[in-house]
Amino acid sequence: MKGSLCHEFETGLAAADVWEVYGSLLVGNLIPKLVPQLCSKVEVVEGDGGVGTILRVTFPPGTPGSPYKEKFIKVDNENYIKEALVIEGGVLDHGFQKYLVRIEIIGKGEKASILRSTIEYEADHEDAKNHPALSTSILATIAGAVTKYIKEQKGLE
């Protein structure tokens, strides 16, 4: 079974401002602080934020989901696109062969952009479509929290 899910979030910010966070390792540092109920820790295992960087993501105690490692397979600083592929643990322990998250920041003018989050997956059984990882709600929550953070930092809130 193959599939994809997509979510779009209007940021009210210039695309470059959003990319400053999403295009770097800063987003991994911010997520546990901004949404600790979703993620307790993001550690850099290898790399500097570019292609080939590997992160270890850990969930808070008592929440579903096992730790996993993801690898950045695309970091496009011109078109504001980042792709991270789960390479160990997490959903791969639950029948998924592929789980990729793509983040695209799409400029819509001087002070407007859309943050598009896409999940692409492959699983070996139909029950996978009921797995909690097959939802864009976590990505939407993160997008909202990061956008709020950027606005606060820029004095726009």
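Start with helices H1 and H3: their crossing is right-handed. The model is predicted. Select residues 15-22 for H1 and 137-153 for H3. The two axes come within 10 Å and cross at roughly 110 degrees. Angles of 65 to 115 degrees count as roughly perpendicular, so H1 and H3 are roughly perpendicular to each other.

Next, select residues 3-139. The UniProt annotation, from an unreviewed entry, reads "domain: Bet v I/Major latex protein" and covers this range. Colour by secondary structure: over residues 3-139 the chain is 15% helix and 44% strand. Now pick the C-alpha atoms at the two ends of the range; they are 17 Å apart.

Move to the largest pocket. About 970 Å³ of space lies in it. Which residues lie nearest its centre? Show Val57, Phe59, Tyr68, Ile138 and Ile142. The full lining has 39 residues.

Then trace the elements around the largest pocket. Two helices to highlight are H2 (26-34) and H3, each of which supplies at least two residues of the lining. Add the strands S3 (54-58), S4 (68-76), S5 (81-89), S6 (96-107) and S7 (113-123); each of these also supplies at least two lining residues.

Last, colour the lining of the largest pocket by residue class. How many of its residues are nonpolar, polar and charged? The lining holds 26 nonpolar, eleven polar and two charged residues.

Terms used
Residues numbered from 1 in each chain as written. Predicted model: local features only at pLDDT ≥ 70, side-chain atom pairs only at ≥ 80, totals over all residues. Heavy atoms only, no water. UniProt positions renumbered as here; feature names shortened; annotations may be inferred. Helix = DSSP H or I, 4+ residues; strand = E, 2+ residues; numbered from the N terminus. 1 Å grid on protein atoms, 1.4 Å probe; cavity = no way out; pocket = protein on both sides within 12 Å on 5 of 7 lines; lining within 4 Å. Points joined across faces, edges and corners; volume = space filled by probe spheres on them. Nonpolar A, V, L, I, M, F, W, Y, C, P; charged D, E, K, R; others polar. Axes fitted to C-alpha atoms, helices over the stretch in contact; angles between N-to-C directions. Parallel < 35°, antiparallel > 145°, perpendicular 65-115°, else oblique. Left-handed = near helix turned anticlockwise from the far one by under 90°.
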